[in-house]
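Hi everyone, thanks for making time for this. I'd like to walk you through a few spots in one structure, so have a look at it with me.

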Amino acid sequence: MLKQKPLAAAVSMALLGAAAVPALAQDDAAAAPVQKVEVTGIRASMAKSLAVKRDATANVEVITAEDVGKMPDKNLADSLQRLPGVAVRTDYDEAEKVAMRGTNPDMSLIVFNGHTVSSGDWYVADQASSSRSTSLSLMPSSVLNQAIVYKTSQANIVDGGLAGTINVTTRKPLAQKERLSGVASVGASYATLPGKTAPDLNASVNWKNAAGTFGFIVQGFAEKRYIRRDSASRLAYGTSSGWDVINTTTMKGITDASLAGTGLKAADLNGVRLPGSMSTEFVEGVRDRKGGMFSLEFRPNQDVDVTVTGFSSTLKAPNYGRLKAGAIYSMLLGKASLADGATGTSAPNTNATGQPGGPQVFASIRNPVIGTETTMYGDRLRVLKSADIVFPDGTVPQYIGNSEGFYREGARATSAFLDLDGKWRVSPDFTLKTLLSTTRGVGRTVADQGLTFASFGTGVSYALAGVDNAPYVKYDGTGVRPDQLVLRTISGLKTTDRETSGQVDGEYKVGKGWVQSIEAGLRYADHHRDSARRYPAYRSPNLQAGVPVRTIPWPSDFGAGLDGPAGWDNTGTTFEPAVLQGYFASATKATSDEYERRIATELHIRERQGAGYVMANLEGERWSGNAGVRFVQTRINARIPTPITAGVCARAAPGQNAIPCAAYPDAITTAGDLQPVYDDAPFDPLTGNTYYFVRTDRRFDNWLPSMNVRYELTQDQIVRFGASRTLGRQNYNLLGAGFGTPVCDAQGCRVTGPNPDIKPLTADNLDASWAWYFARRAMVGVDLFYSRIQGYAKTGTGGGATIDLWDPATAALKTYAVQTSEQQGAHIAGVELSYEQPFGSSGFGFTSNVSRARTKVDDGRPMVGASEWAANLGGYFENDKVSLRLVANYRSEYVNSSTAPAPTANSQGLASVNGVLMPTAPTMAAPVTTLAFSASWNMTQNLVLAFDATNLTNVKRAYYRYSEEEQQKLDVSGRQFYVNLKYRF
């Protein structure tokens, strides 16, 4: 069990002062006064930040990155997590997606220079997702000028950020102090777990003419690092790979006799939860990020300013995952492996003799240790903490688990944008601004290819440990019967996200009474999201033809950081990636791009967003503020892949023209949809479903009022209040995922699918804060916030939608109820505390913050991605030669979800466990604390040596189900070190 509770962890971190939150400042005159984190001169930036924070109207924070690498952060998400109320999702010890105030990343909007930026994901599961969260793994901190974090909304902010909006700005050439300046950084990264070093390069040049009317910035970066993750988890195949319960009716090997000497009867084990599998796995890969940015600015006079900015980044991330797992649940049910990977009731029975017609054999449980857990819902359940799962003595080796290797060849993500930002002061009282942008992001995996082998033996022994320690696992009787290839799969995936947008904003200075100025504007965006998967065709159904035999062992140090128990099995064998590539090159054949389509998984969404707003900027004696309203119209068009029963429409062979279908004129008959075209078998045009697209058109209108007020209680004490309604759009797959599994019975006809009528989310928000600036570069602050959300998705339910589909039993169209998503309410209430203070004139100081966000969903389930506690604490030292930071970050437990939930997922279902009916168990990420360090030495006025280290304590990231007694996964990724030599001119 984890020893520290969330509050205890946060308090202990505060007492230690072990981390530093970036200092706060602002340098963009066009932005509202904001709290700011500046990385050049810690003490000076802190003084400046507190000065501008006192004048801020809205509740905002800012991170700047003018001095590359001054902080131990490699992308923007790394830095954002150090702000109050901000948490991140981390992959391989690099922050990637940002969540705000107890919500999940889908509810936070990230824009660049005021417009959205499309991005692709590097991992295949995320690529297949339709999440709206933006991956910041492609955005090195070196390209950033500042990131403004809006915790309270106002009418002139782009809509879409339900929980908050982050506007990242890039540098402008004419804002630089020198006519010619730049920085060149040469260094290397070293990752301890893979034990590899990689180059780390970055350079930029800024120039402007003597008149200060034209300038440019050009920047390039090439950053590479190797990754590895060692894991112990429940992931496996077989009849059940997750957690389930013992049932002696079907698990016939569990008898009173098999439990002799334990004091237990077979009936005592009924309903006890046990892991369906035990597994070890590791992933190796590389993150090779290259790209650049340019900016051209033209300002012929003080009234006109035009800037063109372009950015492009590519992250190449091929990765290779290996797995070794036991099949405990399958063994107890007497189920074996099957050559086509079938599981559940379709799997064949075990065979006690290994001869045709031999009797089925069931594994028994010996030496059981039963514990008791209290679930997150307060129910008491029994758990099988350890046991020996063994077949009867003398039984020939049976199926006991799997081993596999999956190489994701060509995994990569790209993100690019081009924007034109214009400002024209028409008169002393009226200013006009325009912003035109286009952006495109692609996530792609050329070949997700893997082989799965069945392993044979006589038993599996296991013992669960604490949630943050690897469990014991041991396999018996292996090696007598060789592993057998039972499953092969290869596919390619490409997801494209793109948007074109334009907006115009005007501000008129009034200067009468309380009204200082009026702002108004219009915005339009055309957004497209498309995802498609390709499946090459196999030459033969024979898996064993050309099966590779040359293996290599797992690394000898596998699992060293997982704290595995003595004697546990941390070994395995695998193939080199080239071996897998060679197998699939010979096993597959070329057909056509069209035939490789898997239409059932395709996603095609077009979303048009229109908005207009008006806002008044107000000011009176000792107070200031703004009030406005924004009108938003969202129009969504989806092409939903819909199945046609096999045999209704004939499928064309590869390379042939489409075959018309009278029943469905829009049927796509050229796509293979996984139907085989073997070399020595005739092509059957009537097997498998064909598909057509159902087109939807929906429009949603929303009014979003907002207000912000700042008031000076005294010269040093400031209070702020904000009230607003914000909007967040649903994940794309809830609106346009494909239909599947149609069923007609006595209860009617049902089919799984999307709900195009599901509305955007809205939140009514209140925010109140107090700050006391009690000394130079020192402050203490309190912020209270509350949000009431309407439209939170409830997936896997009957949403009331229907569709007409072909019923093969009656050879006619029938109306099917769609098992899909509906909506419900949710609440968030929380508090944020901030405290920072230098230690006199010593150069030492500390910053700290802690936040608590309580979330509640109407159906009683936890909100996905929501952490109740987050904290950042630590210290710094700086003088003219040396700058040091030690930064710690804490995040409490949350529902882990790496991809957007499917509309048909049973996330709202109920499970009966030993007679207790409760919600289906989510996977929870356990609390985690990370530690990072940065140091820089000014060797000369122009030459700086920098050192950064992340994940200094080599934390283990733990996951569990109903409680920490049900271990789900444990990861370790190793430490990362960076050394850079920077030259400024």
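**A short tour, starting at N708**

Let me begin with the company that N708 keeps: beyond its neighbours within four places in sequence, N708 is in contact with T57, A58, T152, S153, Q154, S624, G625, N626, F721 and G722. Please keep in mind throughout that this is a predicted model.

Where does N708 sit? You'll find N708 in strand 32, which covers residues 690–712. Is N708 buried or exposed? N708 counts as buried because its relative accessibility is 2%, and the cut-off for buried is under 20%.

Two of those partners deserve a second look. The side chain of N708 makes a polar contact with the side chain of T152, at 3.0 Å. And S153 is 555 residues away from N708 along the chain, yet their C-alpha atoms are separated by 8.2 Å.

Now let's move to strand 7, residues 146–150. How many of its residues are buried? Five of its five, so strand 7 is mostly covered. Both faces are covered, in fact: Q146, I148 and Y150 are buried on one side, and A147 and V149 on the other. Strand 7 also has a partner, strand 8 (residues 164–169), and the two pair in the antiparallel sense over five bridges. If you'd like one place to zoom in, take Y150, whose bridge partner in strand 8 is T165.

From strand 8 we can step across to S108, since G164 is on its contact list. Setting aside neighbours within four places in sequence, S108 is in contact with V98, A99, M100, T103, A163 and G164. S108 belongs to strand 5, residues 108–112. With a relative accessible area of 6%, S108 is buried. A polar atom of the S108 side chain lies 3.5 Å from the backbone nitrogen of M100.

Strand 5 brings us to my last stop, the cavities. How many cavities of 30 Å³ or more are there? The count comes to 14, and the largest holds about 450 Å³ of space. Its lining has 31 residues, with L109, R132, T134, H527 and Y732 nearest the centre. Strand 5, helix 4 (124–128), strand 24 (484–512), strand 25 (515–534) and strand 30 (603–620) each supply at least two residues of that lining. And what is the lining made of? Five nonpolar residues, 15 polar and 11 charged.

That's my tour. Thanks for listening, and I'm happy to go back to any of these spots.

Definitions and conventions:
Residues are numbered from 1 along each chain as its sequence is written. This is a predicted model: local features need pLDDT of at least 70, side-chain atom pairs count only at pLDDT 80 or more; totals for chains, interfaces and linings use all residues. Side-chain values use heavy atoms; hydrogens and water are left out. Helices (H or I, at least four residues) and strands (E, at least two) are DSSP runs, numbered from the N terminus. Buried means under 20% relative accessible area, exposed over 50%, partly exposed in between (1.4 Å probe, protein chains only). A polar contact is a pair of N or O atoms within 3.5 Å; within protein, one must be able to donate a hydrogen and the other to accept it, and residues adjacent in sequence count only if both atoms are side-chain atoms. Contact means heavy atoms within 4.5 Å. Two strands pair if DSSP finds at least two bridges between them. On a 1 Å grid over the protein atoms alone, a cavity is a set of points where a 1.4 Å probe fits but cannot get out, and a pocket is an open set with protein on both sides within 12 Å along at least five of seven lines; lining residues have an atom within 4 Å of a point. Grid points are joined across faces, edges and corners, and a volume is the space filled by probe spheres set on the points. Ala, Val, Leu, Ile, Met, Phe, Trp, Tyr, Cys and Pro count as nonpolar, Asp, Glu, Lys and Arg as charged, and the others, Gly among them, as polar.
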